[in-house]
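This briefing introduces the structure shown below to a reader who has not met it before. Brief opening remarks are followed by points grouped by topic.

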Amino acid sequence: MPADLPTPGDQTPVVEFKDVTISFDVKPVLENISFSVDHGQTLIILGPAGCGKSVLLKLANGLLKPDSGSIRIFGQEITTMPERDLYALRAHIGMVFQESALFDSIDVEDNVAYRLHEEHVPEAEAHQRVVEALKFVELEQAISKFPPELSGGMRRRVSIARAIISNPDLILYDSPTGGLDPITSTTIIELVMKQRDVSRSTSLLVTHRLQDAFALATHRYDADNGMVAIPKDGPDHGVDPGTKFLMLNDGGVVFHGGTEELVHSKDPWIVNYLS
Amino acid sequence: MPLQSPEVYIKRNIAAVQEYSILVGKAVANIFTPPHYWADVYTQMDSIGVGSMPIIVLTGFFTGCVLALQSATALTEFGAISMTGSLVSLSMVKELGPVLTGLMVSGRNAAGMASEIGSMKVTEQLDAMRALGTDPIRKLVTPRIMATVFMLFFLTIIADALGIAGGALMSVSLLGLNANTYLHDSYRGLVHGDIVQGLTKPLFSGFIISTVGCYFGMKTTGGTQGVGRATTQAVVVSSVAIIIVDLLVTRAMIGIFGS
């Protein structure tokens with residue numbers, strides 16, 4: 001059964017977690033997590049290493065099943081969905097993995113066109129869409145290269161191209177700038193911003209780099225100038241209204257709200273984390 | 001290696017058998033439902049079947065040679081050296097051909113499958129495959145099972161043929177037997193039941209090699225060390241399983257066809 005796409009004006013949250021708990025050993029990694037993400041919003045997930053951020057993204061994509069709780073994606077309950085329907089749902093979800101997870105025995109074109117080849121899209125059309133996707137991430141010249149020949153940043157950009165080629169309605173980024181130098185990180189964040197502002201897709205972004213999180217919250221993508229700071233004296237007061245934060249610690253949600261609230265929070269742990 | 005409590009050990013092994021059965025059930029069910037990845041099946045047939053030809057040819061040939069030489073000593077005592085032909089062909093077709101082919105291919109391909117799929121598992125490529133809408137069992141495991149079972153059948157035939165040829169070469173050149181008589185006896189010594197027995201075993205061996213290799217690959221954890229461990233375990237478990245199943249099939253065949 002194909003998933004129903006969210007229509008404009010639809011009030012159903014794209015991602016909805018209710019009391020989700022999952023544990024791998026004795027101690028739960030995530031305990032009674034609840035939050036929702038509306039259409040067009042970007043949720044930045046922060047927290048110390050090992051607090052379950054990647055697990056949360058895999059739960060959202062149905063790659064892991066929670067021990068208890070409900071997860072609704074596009075209004076559909078995925079915890080009880082059979083595998084076949086989950087695959088149909090994933091046609092509308094793009095995921096960028098922490099280590100890029102490119103298939104290293106096939107070249108960049110076949111990597112980016114992977115989903116299109118699965119859907120038996122004609123070769124000419126697939127090639128055209130691959131070129132467009134690689135143009136978006138500014139890597140057209142790498143089309144015939146193999147992943148081991150690419151640098152870390154280039155691999156990350158190819159995996160973004162692979163995730164966005166089918167114009168997904170929901171994109172999940174798992175530490176897209178992890179392990180990269182500051183210049184390459186800025187390039188990646190600019191791409192995330194471009195995707196957010198140009199295509200208006202909903203996204204969940206996991207990171208532990210505060211500078212990237214705040215850059216995303218206080219800047220906008222402009223076609224001529226790239227990353228542009230949102231004016232402080234304008235209607236949005238310097239922050240993107242659709243970008244929210246979710247902070248996790250010790251298996252629970254510590255904060256869920258907008259940029260202004262986070263920065264002005266009085267919680268000692270949050271103040272310590274942000275400094 | 002630390003000692004474990006027997007309870008933990010038994011529970012872990014029963015859980016492993018359960019997971020193995022679930023994987024096999026899904027992989028076999030995939031044969032009967034679309035989509036099918038025929039391109040992957042052909043690629044695997046080439047890599048497993050054609051790729052293993054050199055070692056199968058050498059193994060079969062030299063095993064036949066050794067068999068002829070070794071048995072000559074005992075047979076001469078009974079004045080039965082002329083029976084070398086049927087002894088070599090019976091041994092190769094019923095037992096040595098299937099088992100040695102199975103063990104050679106297990107070492108080569110169960111290890112290859114476990115390491116390839118294991119490396120994909122630890123680098124999150126299997127998760128990426130799922131996220132892109134492809135079922136890894138359907139794309140990776142099912143083609144390997146189909147290819148291995150199909151190709152092992154023919155590899156065993158080749159090993160048998162070369163074994164008989166090797167025995168012939170030794171008998172004619174070193175033992176002084178007549179080539180025509182040797183080959184005639186080889187042919188006459190075999191009955192229908194022997195061929196059926198000898199060609200049923202590769203079907204089981206092929207299934208064991210591919211399912212065990214893929215199982216250990218998909219269960220890999222722990223980075224590069226984990227891949228190494230998975231590869232070793234895949235070869236050990238599939239080799240032992242081939243030998244045990246060989247005994248069971250032999251007994252069953254004797255029950256069906258008589259000894």
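In this predicted model, A:Leu43 of strand β3(A) has A:Lys244 as its bridge partner in β11(A). The two strands, β3(A) and β11(A), are joined by five bridges and pair in the parallel sense. The points below set this pairing in its sheet, and then turn to the core, to chain B and to the contact of the two chains.

**The sheet of chain A**

- Strand β3(A) also pairs with β8(A), through four bridges and again in parallel; here A:Ile44 has A:Leu205 of β8(A) as its bridge partner.
- These strands belong to an open sheet of six, with mixed pairing, whose order in chain A is β6-β7-β8-β3-β11-β12.
- The edges of the sheet are formed by β6 (93-96) and β12 (252-258) of chain A; each has a single partner strand, so one side of each has no neighbour in the sheet.
- On average, neighbouring strands of the sheet are turned by 15° against each other, with direction ignored.
- Strand β11 (residues 243-249) of chain A runs antiparallel to β12(A), and six bridges join the two. One of the residues involved is A:Leu246, whose bridge partner in β12(A) is A:His256.

**Surroundings of strand β3(A)**

- Five of the five residues of β3(A) are buried, which leaves the strand mostly covered.
- In a regular strand, side chains alternate between the two faces of the sheet.
- Both faces of β3(A) are covered: the buried residues are A:Thr42, A:Ile44 and A:Leu46 on one side, and A:Leu43 and A:Ile45 on the other.
- Helix α1 (residues 53-60) of chain A lies across β3 (42-46), β7 (170-174), β8 (202-206) and β11 of that chain, and runs at about 155° to β8(A).
- Beyond its neighbours within four places in sequence, A:Ile45 is in contact with A:Lys53, A:Leu56, A:Leu204, A:Leu205, A:Val206, A:Leu246 and A:Leu248.

**The nonpolar core**

- In soluble globular proteins, nonpolar side chains tend to be buried together.
- The largest nonpolar core of the model holds 124 residues, and A:Ile45 and A:Ala161 have the most contacts inside it.
- Helix α5 (residues 136-173) of chain B contributes the most to this core, with 14 residues.

**Chain B**

- Chain B contains eight helices and zero strands.
- Its C-alpha atoms fill a box of roughly 65 × 45 × 35 Å along the principal axes.
- Of the 259 residues in chain B, 42% are buried.
- Among contacts in chain B between residues at least 6 apart in sequence, 88% join residues at least 24 apart.
- Helix α1 (residues 6-29) of chain B packs against α5(B) at an angle of about 85°, the axes being 9 Å apart. That angle makes α1(B) roughly perpendicular to α5(B).
- This helix contact is made by B:Leu23, B:Lys26 and B:Ala27 of α1(B), together with B:Ile137, B:Val141, B:Thr142 and B:Ile145 of α5(B). By class, the contact of α1(B) with α5(B) has five nonpolar, one polar and one charged residues.

**Where the chains meet**

- How many residues does each chain bring to the contact? Chain A supplies 13 residues and chain B supplies 11 residues.
- On the side of chain A that touches chain B, helix α4 (residues 114-118) of chain A gives the largest share, three residues.
- By class, that side of chain A has eight nonpolar, one polar and four charged residues.

Definitions and conventions: Residues numbered from 1 in each chain as written. Chains lettered and ligands numbered in written order. Predicted model: local features only at pLDDT ≥ 70, side-chain atom pairs only at ≥ 80, totals over all residues. Pairing = 2+ DSSP bridges. Axes fitted to C-alpha atoms, helices over the stretch in contact; angles between N-to-C directions. Contact = placed C-beta atoms within 7 Å. Buried ≥ 20, exposed ≤ 12 C-beta atoms within 10 Å, placed from the backbone. Nonpolar A, V, L, I, M, F, W, Y, C, P; charged D, E, K, R; others polar. Core = buried A, V, L, I, M, F, W, Y, C linked by C-beta atoms within 7 Å. Parallel < 35°, antiparallel > 145°, perpendicular 65-115°, else oblique.
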